Amino acid sequence: MRDVFTLITARVLRDCDGEPVCTHVGDVQVCAIKSHPAYQVLRDKVRLGRSKSVASLRLWESVGTLAREGDQQEREKWLMILLDLLTPYFGGWSKQLALKSRYDVSDIRSAMVEGALEVWFSRAGGTPSKELLDTMMTRAFTSARKLVESGSSETCATGAEHLVADAAHGDDFTLRASSIIDASTVRDPDTDERIRGERTGALLKRMGVMGHVEILHDKLRSGCRDEVDSPAITPTQAGRSWVDGKNLYYRISDLLPQYVGFSEAASIIGLSESQASKMARKGSLPFRVLWIGNSRVVSVKSLMHIMGIQDSIVHPDDVENGASHLGEE
């Protein structure tokens, strides 16, 4: 029977499929660094033991950020990668403990993963990355020792396969209808959808950026969505089921750059770069950081979230109608 370490690695290798993987911002196409290794090559080079390099800690911080942001599929992928980066360090120790205690190594490893996940889901997102890593490792070792000392024949409530599935779905990542439209306050969801889109279009027109917006609309209508194979939002989910087969809905964040520099992000929330850096070291910075080499960047979606800016879902027709209401300026 395969233990949980093997299952996690198999899941990650399946998800990455031998393609180059970007552990900086999660997308090879938008990353400033142009050379990216396949995941297996990256995994062989990473050392996240007690002696950790600056490069390894930066990688850990970026992967941790990616595992807490993005859509369901991306969060699942990066959480599995985060766990898999720990298993090389856990592997030898778990074997030694199994031999010393004459305990089944697969049970020990399940306990370690369960302990690490308890820390991941219980700690706030602002925990400094090094502290989070140290705490996850400590809890993993503690959980394994407690298992062995207790003499119990069972590690956790579920088998290894279910532990991997539970880890991937530990947070509620599902896009619910209520996150698109508040059904408790709107009698006609279609009407609410149109009003939201028209208000957005009017605002964008006042900002003088409708030319940029219309370029995105043309791409959507031609069936091009930045080479994404399966859009996360379908017409049915957003309420306009009669759209002619193509998924034209998009989020406001699609009009913005995916990332901004660290100093710019700090300025947006009213901090200097030095103030933001001090807060980042203490784990009190409201947004999470990604590393591209020696440079720090911040997800625009993350900034929108902490500033209370709703990443609304709109339809091109509604946005253009709203812009047209203002007339030519």
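**Pockets and cores: a conversation**

Author: Helix 8 supplies the largest share of the lining of the second largest pocket, four residues. The model we are looking at is a predicted one.

Reader: Which elements give two or more residues to the lining of the second largest pocket?

Author: They are helix 8 (189-207), helix 9 (210-221) and helix 13 (300-306). About 450 Å³ of space lies in this pocket. It is lined by 19 residues, and Met207, Ile252, Leu256, Met304 and Ile309 are the closest to its centre.

Reader: How do you know where empty space is left?

Author: A probe the size of a water molecule is rolled over the atoms, and that shows the empty space.

Reader: What kinds of residues make up the lining of the second largest pocket: nonpolar, polar or charged?

Author: The lining divides into 15 nonpolar residues, four polar and no charged. Met, Ile and Leu count as nonpolar, so the five residues closest to the centre, Met207, Ile252, Leu256, Met304 and Ile309, belong to the nonpolar group.

Reader: Why is Met136 called buried?

Author: Buried means under 20% relative accessible area. Met136 has a relative accessible area of 0%, so Met136 counts as buried.

Reader: Where does Met136 lie, and what does Met136 touch?

Author: Met136 lies in helix 6. Leaving aside residues up to four places away in sequence, Met136 touches Trp60, Leu82, Leu86, Ala116, Val119 and Trp120.

Reader: What makes "touches" the right word for Met136 and those residues?

Author: Contact means heavy atoms within 4.5 Å. Met136 touches Trp60, for one, so heavy atoms of Met136 and Trp60 come within 4.5 Å.

Reader: Which residues have the most contacts inside the largest nonpolar core?

Author: They are Ile108 and Met136, in a core of 51 residues. Several elements give two or more residues to this core, among them helix 1 (4-16), helix 5 (105-122), helix 6 (129-150) and strand 3 (290-292). Helix 4 gives the most, with 11 residues. A second, separate core has 13 residues, including Phe262, Ala265, Val298 and Met304.

Reader: How many helices and strands does the protein chain have, and how much of the chain is buried?

Author: The secondary structure comes to 14 helices and five strands. Of the 329 residues, 45% count as buried. The chain exposes about 17,500 Å², and carbon and sulfur atoms supply 50% of that area.

How values were computed:
Residues are numbered from 1 along each chain as its sequence is written. This is a predicted model: local features need pLDDT of at least 70, side-chain atom pairs count only at pLDDT 80 or more; totals for chains, interfaces and linings use all residues. Side-chain values use heavy atoms; hydrogens and water are left out. On a 1 Å grid over the protein atoms alone, a cavity is a set of points where a 1.4 Å probe fits but cannot get out, and a pocket is an open set with protein on both sides within 12 Å along at least five of seven lines; lining residues have an atom within 4 Å of a point. Grid points are joined across faces, edges and corners, and a volume is the space filled by probe spheres set on the points. A nonpolar core is a set of buried Ala, Val, Leu, Ile, Met, Phe, Trp, Tyr and Cys residues joined through side-chain atoms within 4.5 Å. Buried means under 20% relative accessible area, exposed over 50%, partly exposed in between (1.4 Å probe, protein chains only). Accessible areas come from the Shrake-Rupley method with a 1.4 Å probe; for residues, only the protein chains shown count as cover.
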